[in-house]
Amino acid sequence: MSVVERSVAETLPTLLQARRATVGIIGLGYVGLPLAAAAARAGFSTIGFDIDPQRTERLNRGDSYIDAAPSEELARLVAERRFRATDDFAQLGDCDVVAICVPTPLTRQREPDLSYVEATVRTVALTLRPGQLVVLESTTYPGTTREVVKPLLEAGGLKSGRDFFLGFSPEREDPGNADFATRSIPKVVAGEGPAAARAVEAFYGAVVERVVPVSTLDTAEAVKITENVFRAVNIALVNELKMVFDAMGIDVWEVIDAAKTKPFGFMPFYPGPGLGGHCIPIDPFYLTWKSREFDMPTRFIELAGEINLSMPRYVIARLEAALDAQAGKALGQARVLVVGLSYKKNVADVRESPTFKLMELLEKRGAAVAFHDPHVPVIPPTREHAAFTGRGSTPLTRETILGFDAVLVSTDHDDVDYALIAGNGDGPVVVDTRNAFGRRGLAGPNIVKA
Ligand SMILES: NC(=O)c1ccc[n+]([C@@H]2O[C@H](COP(=O)([O-])OP(=O)(O)OC[C@H]3O[C@@H](n4cnc5c(N)ncnc54)[C@H](O)[C@@H]3O)[C@@H](O)[C@H]2O)c1
């Protein structure tokens, strides 16, 4: 290392330790905004970057749109000049640390769509300067930071490990989980080369309680994919068991509740109407795509995907049978209220929600469909389910419930009156994909688990 290289490598950890470093977070969504708040809280002057000027304006007024970064705290950080948001990406040059938290969806052909990451990295490259640390946080396949991010950053002549530092650190946000916040979730980190590893550890070490360093960028990327594949496969397993046990007259939820009393070697996962959210239905296929390059199949992932994707049809078949048996009503003539639009309980996030799939299948069969969701008063615009945009949540009263032939519980939000839905067994057919009624001790001849 030359004297210049050494001083570049030593400056950043010193700045970080003294909290004199400026931190830039790109992509102020579910991941980026809580991270920006955590960095500001840790004492860094933090700038949030987003291409959506409505979002940056709201944030500068201290008005948050993400529960994990509450408005009250955000307003305080803005007032104390520790956080501000902007859509002026020229200010990236002022940042010592740049963390990229932009979306990584799949294309229509279910292949990785890195266009957001690539566009962002090209923008970062415009103001890249010696001494900067650039970290990718977006979930992606192993090799992305090294093969896609690095060449784009190095195109201007600066070299990773010598002039600037490159890292990967996967996000582990769990929206709606009150037990963990950004700060208390251990963070896996990796840097390319020893200087980058030191810089990335110094940054995250200041922001979260515990960092878990791994040896390479590819390893850190593989950790995140492994966590999500693990969930996808285990959810598929209990979904399959649900169908098998149901055929045998066994309640899978009772089985899981008893099995989880085993103090070792078992971890509970719960069945549902299909997978939702930005991560579990999508990320495993990043690995599937990449493994083709190595002629390696990912059979577990494919099988899990197949089972999870088949769940909405299974649920509709159960609903159809229950309507026929209990009410002598054909699905095509039925009015159905779907309860729970978001993909998981107690959050408003509707991305990739299987409820959309259920509603589409029902409408295709001719049923009249409405929904109730206390977290989603009106369906926001979505790329794949645009036809539902603007539909409003039906209020839940005994009168509205009695106006339906069936109620299908898709997401088990806590603030739904399940007793009201159950009634005295005299109301509509109830199909419960989450054991929301069973868990509350509510049973009746009209309630069917699916
Ligand atoms: N949501 C989660 O719970 C979660 C958990 C772990 C990892 N992740 C991963 O984190 C990444 C981000 O996900 P998210 O849920 O925060 O997404 P999000 O949709 O909530 O937020 C993304 C933000 O990036 C902005 N954006 C898009 N393109 C941009 C660009 N070119 N420049 C600047 N900003 C841009 C959008 O306006 C939006 O505000 C993804 O890779 C995702 O897989 C998400």
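Let's start where the protein meets its ligand: Arg351 has a polar side-chain atom 3.2 Å from an oxygen atom of the ligand. With the protein around it, the ligand has 91% of its own 840 Å² of accessible area covered. Keep in mind that this is a predicted model. Below we look at the ligand's surroundings, then at a buried charge, and last at one helix.

**Around the ligand**
- The ligand is surrounded by 26 residues, and the closest are Tyr30, Val31, Asp50, Arg55 and Thr104.
- Asp50 places a polar side-chain atom 2.6 Å from an oxygen atom of the ligand.
- Thr120 meets a nitrogen atom of the ligand, with an N or O atom of the Thr120 side chain 3.2 Å away from that nitrogen.

**A buried charge: Asp113**
- You can find Asp113 in the loop between β4 (97-100) and α5 (115-126).
- Asp113 is buried but has no salt bridge.
- The nearest side chain of opposite charge belongs to Arg383, 4.9 Å away, while a salt bridge needs the side-chain nitrogen and the carboxyl oxygen to be within 4 Å.
- Leaving aside residues up to four places away in sequence, Asp113 touches Thr104, Pro105, Leu106, Thr107 and Tyr286.
- Thr104 is a residue to remember, as it is among the closest to the ligand and also touches Asp113.

**Helix α12**
- Helix α12 spans residues 354-364, and its buried residues include Pro354, Phe356 and Leu361.
- Among the elements covering the buried residues of α12 are α11 (299-327), β9 (335-339), β10 (368-372) and β11 (406-409).
- After α12 comes Gly366, which has a positive phi, near 100 degrees.

Technical notes: Residues are numbered from 1 along each chain as its sequence is written. This is a predicted model: local features need pLDDT of at least 70, side-chain atom pairs count only at pLDDT 80 or more; totals for chains, interfaces and linings use all residues. Side-chain values use heavy atoms; hydrogens and water are left out. Helices (H or I, at least four residues) and strands (E, at least two) are DSSP runs, numbered from the N terminus. Buried means under 20% relative accessible area, exposed over 50%, partly exposed in between (1.4 Å probe, protein chains only). Lys and Arg count as positive and Asp and Glu as negative; His and the chain ends are not counted. Contact means heavy atoms within 4.5 Å. A residue is near a molecule or strand if one of its heavy atoms lies within 4 Å of it. A polar contact is a pair of N or O atoms within 3.5 Å; within protein, one must be able to donate a hydrogen and the other to accept it, and residues adjacent in sequence count only if both atoms are side-chain atoms. Accessible areas come from the Shrake-Rupley method with a 1.4 Å probe; for residues, only the protein chains shown count as cover.
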